[in-house]
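This report describes a single protein chain, from its overall make-up to selected local features. The sequence and structure are shown first.

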Amino acid sequence: MTRHVLVLLEALPYPTDPRVRGQVAALREAGFDVTVACPTGVRNGERDVVIDGVRVRRFKAPRAGRGALGYLLEYGVAFLRLWRIVRAVRRERPVDLVLVCTPPDLLVALARPLARRGAAVIFDYREISPELFEAKFGRRGLAHSALLRAERYALRHADAVTTVSRSCAELALGRGGVDPARLFLVGNGPDPARVHRVTPWPELRRGRRHLVLWLGMMSTQEGLHRLVEAAEHVVHGRGRD
């Protein structure tokens with residue numbers, strides 16, 4: 001064993017994604033060498049760099065897609081560029097474990113050649129692509145069916161599946177047909193080195209009793225507009241302050 005782990009990540013550059021950052025830190029603490037293959041991003045433009053002992057190989061991120069066809073093109077270009085990095089890493093040294101981070105689910109296909117050479121594959125089932133598609137575009141159709149097939153392919157070709165919540169776990173067990181012995185619930189938690197108590201800043205409340213904070217990405221599927229609509233109803237519709 002060379003104890004070498006390859007992490008496949010398409011959605012965000014490393015180390016921007018906090019879940020992947022935590023996973024890599026855990027692997028490093030357990031004594032593994034880690035290589036991360038991911039896209040470039042703002043302040044993360046270097047193609048080949050070592051960050052805290054982690055080798056990071058980045059591909060040029062494709063232009064963000066719009067609409068179903070745009071997303072398909074974006075993922076297709078990213079898939080090809082990521083495949084080139086996987087081939088380069090495979091030539092350099094053996095890979096013992098591949099950690100596949102969604103989306104997209106078909107990233108598992110890039111791990112299959114490594115699996116045939118003896119690498120284990122862990123599929124981190126954290127973005128539920130069929131539901132995300134429906135939330136973004138308000139429909140199902142052929143693209144939704146294709147995403148369901150890609151999801152089943154990924155779940156059934158992984159040696160183990162990790163996921164973030166019980167609802168995701170139920171989907172993996174139900175429609176994904178995952179053996180419960182292969183499924184592990186691994187939640188997200190704050191890094192105490194970065195998230196900790198600080199001196200209160202009462203001015204942020206503007207004299208109010210409660211303060212609502214949105215922490216996370218703002219995109220269609222989060223449904224942030226419903227939070228704003230709820231606030232309008234409570235304040236203006238019900239007259240509460």
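R206 is exposed, with a relative accessible area of 75%. The model is a predicted one, and R206 sits in the loop that runs between β8 (183-185) and α7 (224-237). Its phi is near 55°, a positive value in a residue other than glycine. Most residues other than glycine have a negative phi, and most peptide bonds are trans. The backbone features discussed below may be read against that background.

**Overall composition**

Seven helices and eight strands make up the secondary structure of the chain. The C-alpha trace extends over about 65 × 45 × 40 Å along its principal axes. Of the 241 residues in the chain, 36% are buried. The accessible surface amounts to about 15,100 Å², and carbon and sulfur atoms account for 56% of this surface.

Contacts between residues at least 6 apart in sequence include a 59% share that joins residues at least 24 apart. The chain carries 40 positive and 25 negative charges, and the mean positions of these two sets are 4 Å apart.

**Backbone features in the loops**

A second residue with a positive phi is D52, which lies in the loop between β3 (48-51) and β4 (54-59). Phi of D52 is near 50°, and D52 is a residue other than glycine. D52 counts as exposed because its relative accessibility is 72%, and the cut-off for an exposed residue is over 50%.

The loop between β5 (97-101) and α3 (108-116) contains P103, and P104 is located in the loop between β5 and α3 as well. The peptide bond leading from T102 to P103 is cis, with omega near -5°. The bond that follows, from P103 to P104, is also cis, with omega near -5°.

A glycine with a positive phi appears at the end of a helix: α4 is followed by G138, for which phi is near 65°.

**Helix α4 and the residues around it**

Which residues of helix α4 are buried? In this helix, which covers residues 129-137, they are S129, P130 and F133. They lie on the same side of α4, because the arc they cover around the axis is only 105°.

S129, which has its place in helix α4, is buried with a relative accessible area of 10%. Leaving aside residues up to four places away in sequence, S129 touches P103, D105 and L147. One of these partners, P103, is the residue reached by the cis peptide bond from T102.

I128 belongs to the loop between β6 (120-125) and α4. I128 has a relative accessible area of 11% and is therefore buried, the cut-off being under 20%. With residues up to four places away in sequence not counted, I128 touches E151, C168, L171 and R175. I128 and R93 are 35 residues apart along the chain, and their C-alpha atoms are separated by 32 Å.

**The aromatic pair**

How many aromatic pairs does the structure hold? There is one aromatic pair. F123 and Y125 form this pair, with 6.0 Å from centre to centre and 35° between the planes, a tilted arrangement. F123 is buried, with a relative accessible area of 0%. Y125 is likewise buried, at a relative accessible area of 0%.

**R197 and a comparison of accessibility**

R197 is located in the loop between β8 and α7, the loop that also holds R206. R197 is exposed, with a relative accessible area of 82%. The C-alpha atoms of R197 and A154 are separated by 40 Å, and these two residues are 43 residues apart along the chain.

The table collects the relative accessible areas of residues discussed in this report.

| Residue | Class | Relative accessible area |
|---|---|---|
| F123 | buried | 0% |
| Y125 | buried | 0% |
| S129 | buried | 10% |
| I128 | buried | 11% |
| D52 | exposed | 72% |
| R206 | exposed | 75% |
| R197 | exposed | 82% |

Notes
Residues are numbered from 1 along each chain as its sequence is written. This is a predicted model: local features need pLDDT of at least 70, side-chain atom pairs count only at pLDDT 80 or more; totals for chains, interfaces and linings use all residues. Side-chain values use heavy atoms; hydrogens and water are left out. Helices (H or I, at least four residues) and strands (E, at least two) are DSSP runs, numbered from the N terminus. Buried means under 20% relative accessible area, exposed over 50%, partly exposed in between (1.4 Å probe, protein chains only). Contact means heavy atoms within 4.5 Å. Accessible areas come from the Shrake-Rupley method with a 1.4 Å probe; for residues, only the protein chains shown count as cover. Lys and Arg count as positive and Asp and Glu as negative; His and the chain ends are not counted. The place of a charge is taken as NZ of Lys, CZ of Arg, CG of Asp or CD of Glu. The arc is that of the directions from the helix axis to the C-beta atoms. Rings of Phe, Tyr and Trp (its six-membered ring) pair if their centres lie within 6.5 Å; planes under 30 degrees apart count as stacked, over 60 as edge-to-face and the rest as tilted.
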